[in-house]
Amino acid sequence: MNLIMRRQDSLVDAVAKARPSGGAKAITLRAIVANRRALTGGLLTAIVVAIAIVGAFWTPYDPLTFDAEHNFAGPSWDHLAGTDIYGRDIFSRLMAGAKVSLLVATGAVAGSFIFGTALGVISGMFKGAVDAVLTRVIDLMLAIPGLVLAVGVVTLLGPSAVSVTIALIGVYTWQFARIIRASVVAVRDRPYVEAARGLNMGTWAIIVRDILPNVMPVLIVQSTTAFAWGILDEASIGFLGLGVQPPAPSWGSLLIEGRQYMYQAPWLPIAAGAVVAIAVLGVNLLGDGLRDIVDPRSDGVKS
């Protein structure tokens, strides 16, 4: 019994020593601060999220109240982004719409994170027919243009924020599955995984203990990329009139309203487009910075 325990202890040591020392680096607050891209993107993203949180409870004006006396008022100290055809304050509507747009993007990322990770891990860990079938399904779904698929799903379910979220989950899940499968395949035969199998650890225990920690940095970077696309796709679907329906504001609905009156009030599409651009830029910079941090070939500091 003692001999068996000593052998198990030696295998445990082997698992620890066999873990790749040159693998993905940890994402820490210090690493983010040291990386200019991650820091700039993180600050921009934090500002947008803060505006969305504040906008959920308070706005300078009621985003739904009509004020016919001030319709199409230009940007001023009273109305920082001007007003629309009904006299509603655009800045207030942008603040209120941020909650909808960011919640849709967050829900899409969370759902696709869960389902895509599950599919990717199963496909990568279980070889043979399981991997072959799942890989073909993933390839087939990725062959369909994402926005076309999302529009089709929203059309079937009916225009709403929930429908857009479900549609985007259906699009992003396969992207997560593809990248996670590739990451799992890259580590499933590493020495420390083989040593864990030698300890008679179950497949799911190995997945939780050895596989997921090694692919988590990839998941984090992919999540930021999907979040940026979630903001853009929500705006695109809203621009087509299939997102949140009037009078409720979202960034997509504000873009389509701005397009309709861009000659009478050019500040309408400019304000909505600028907010979307800033949000996407911030998330993309954050994602690029996190990629630099986790890349073992990088020093983690980029200008």
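In this predicted model, the largest cavity is lined by D84, I90, L254, E257, G258, L268 and A272, and about 50 Å³ of space lies within this cavity. Among the elements of the structure, α10 and α11 (267-294) are those that give two or more residues to the lining of the largest cavity, and the largest share, three residues, comes from α10. When the lining residues of the largest cavity are sorted by class, four are nonpolar, one is polar and two are charged. A search of the whole structure finds two cavities of 30 Å³ or more, and the other of these is considered next.

The second largest cavity has a volume of about 30 Å³, and its lining is made up of T45, V48, V49, L102, F227, I231, A279 and V283. The elements that give two or more residues to this lining are α3, α9 (203-239) and α11, with the largest share, three residues, coming from α3. By class, the lining of the second largest cavity has seven nonpolar residues and one polar residue, and no charged residue is found there. The helix α11 is thus named for both cavities, since it is listed among the elements that give two or more residues to the lining of the largest cavity and also among those that do so for the second largest cavity.

Besides these cavities, pockets were examined. About 250 Å³ of space lies in the second largest pocket, which is lined by 17 residues, and of these R88, P246, S253, E257 and Q260 lie nearest its centre. The element that gives the most to the lining of this pocket is α10, with four residues. The lining of the second largest pocket divides into nine nonpolar, five polar and three charged residues. One residue, E257, belongs to the lining of the second largest pocket and is also listed in the lining of the largest cavity.

The helix α10 (residues 251-260) also meets α4, and the axes of these two helices come within 7 Å and cross at roughly 130 degrees. An angle over 115 degrees but not over 145 degrees is classed as oblique, and α4 and α10 are therefore oblique to each other. On the side of α4 the contact is made by R93, L94, G97, A98, S101 and L102, while on the side of α10 it is made by W251, L254 and E257. Sorted by class, the contact of α4 with α10 has five nonpolar, two polar and two charged residues. Two of the α10 residues in this contact, L254 and E257, are also named in the lining of the largest cavity, whereas L102 of α4 is named in the lining of the second largest cavity.

Two residues in the loop that precedes α4 were also considered. F72 lies in the loop between α3 (36-55) and α4 (90-125), and this residue has a positive phi of about 55 degrees although it is not a glycine. Most residues other than glycine have a negative phi. H79 likewise lies in the loop between α3 and α4. With a relative accessible area of 9%, H79 is buried, because a residue counts as buried when this value is under 20%. When residues up to four places away in sequence are not counted, H79 touches Y61, G74 and D89.

Key
Residues are numbered from 1 along each chain as its sequence is written. This is a predicted model: local features need pLDDT of at least 70, side-chain atom pairs count only at pLDDT 80 or more; totals for chains, interfaces and linings use all residues. Side-chain values use heavy atoms; hydrogens and water are left out. Axes are lines fitted to C-alpha atoms, for helices over the stretch in contact, and angles run from 0 to 180 degrees between N-to-C directions. Angles under 35 degrees count as roughly parallel, over 145 as roughly antiparallel, 65 to 115 as roughly perpendicular and the rest as oblique. Contact means heavy atoms within 4.5 Å. Ala, Val, Leu, Ile, Met, Phe, Trp, Tyr, Cys and Pro count as nonpolar, Asp, Glu, Lys and Arg as charged, and the others, Gly among them, as polar. On a 1 Å grid over the protein atoms alone, a cavity is a set of points where a 1.4 Å probe fits but cannot get out, and a pocket is an open set with protein on both sides within 12 Å along at least five of seven lines; lining residues have an atom within 4 Å of a point. Grid points are joined across faces, edges and corners, and a volume is the space filled by probe spheres set on the points. Buried means under 20% relative accessible area, exposed over 50%, partly exposed in between (1.4 Å probe, protein chains only).
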